[in-house]
Amino acid sequence: MREWTMLKRLRTRSVNGTLALGEMITELLPAPKLVVLRGDLGAGKTTLVKGMAAALGAPVDEVTSPTFTLVHEYRGRKVRLIHLDLYRLEREEEIEGLGLWEMADAPDALVMVEWGDKFASVMERADAEIAMEQGEVENERLLMVQWR
C-alpha cells in the first residue's frame, strides 16, 4: 500500500458540524478521487456524505446508506458523488462486478467507499482515506483525513 503524504484531524460535536465537515472535505479532496470511508455503524459516514452532496449541489434529501443496494450515485452541478458500501462483499472478484474501477477513473466522480479497507485492491487504488470514530461525548465525532 502506498503511503499517505497529507493528514488532517477534525472534530465535530453535532450533526450540523458533521455536515459542514463534509462540505469542507470536498475542497480538500476534489474529484476525481477514490476515497475509503472507515468507521463503525453509527459513526456518521452517511451524514458526512450528505454534507459532501450539499457542497456539490446534489440533492441532499436523497442521500441514504447504500448498505443493501451497494451503490448510490448523486449528480451535482459538475461532479457525481458515488457512494458505495462493500460490507456485504467477501471476494475481490465481486468488486470487479460493481464497476468500481470504471467509476474511480471517471474524471467527474468523487467515489466514497465504505468498508473498502476490507480489500487490498481498493486500498492500493485509494487516493484518500477518512476514518471516523465516536468521541468522548454523545454527538462528538473525530475524523482523520489522509490523502496523497
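**Loops, sheet and helix packing**

Author: Leucine 70 is found in the loop between α2 and β3, where helices (H or I, at least four residues) and strands (E, at least two) are DSSP runs, numbered from the N terminus. This is a predicted model, in which local features need pLDDT of at least 70 and side-chain atom pairs count only at pLDDT 80 or more, whereas totals for chains, interfaces and linings use all residues. Residues are numbered from 1 along each chain as its sequence is written, and side-chain values use heavy atoms, with hydrogens and water left out.

Reader: What is the sign of phi in leucine 70, and what is it in tryptophan 115?

Author: For leucine 70 phi is positive, about 75 degrees, although the residue is not a glycine. Tryptophan 115, also a residue other than glycine, has a positive phi near 65 degrees, and its place is in the loop between β5 and α5 (120-125).

Reader: How do you know which strands stand at the edges of the sheet?

Author: The open sheet has seven strands in the order β1-β7-β6-β2-β5-β4-β3, with mixed pairing, and two strands pair if DSSP finds at least two bridges between them. By that rule β1 (6-12) and β3 (71-75) each have a single partner strand, so one side of each is left without a neighbour in the sheet. From one strand to the next the twist averages 15 degrees. The partner of β1 is β7 (residues 141-147), joined to it in the antiparallel sense over seven bridges, and within β7 valine 145 is the bridge partner of lysine 8.

Reader: Why are α1 and α2 called oblique to each other?

Author: Their axes (lines fitted to C-alpha atoms, for helices over the stretch in contact, with angles from 0 to 180 degrees between N-to-C directions) come within 7 Å and cross at roughly 55 degrees. Angles under 35 degrees count as roughly parallel, over 145 as roughly antiparallel, 65 to 115 as roughly perpendicular and the rest as oblique; α1 and α2 are therefore oblique. Contact means heavy atoms within 4.5 Å, and among the residues that make it are Val15, Leu19 and Glu23 of α1 and Leu48, Lys50 and Met52 of α2.

Reader: What makes the pair of arginine 38 and glutamate 129 a salt bridge?

Author: The term requires a side-chain nitrogen of Lys or Arg within 4 Å of a carboxyl oxygen of Asp or Glu, and the side chains of arginine 38 and glutamate 129 meet at 3.3 Å, N to O. Arginine 38 lies in strand β2 (residues 33-38) and glutamate 129 in strand β6, so the pair ties together parts that are 91 residues apart in sequence.

Reader: How many salt bridges does this rule give?

Author: The count comes to ten.
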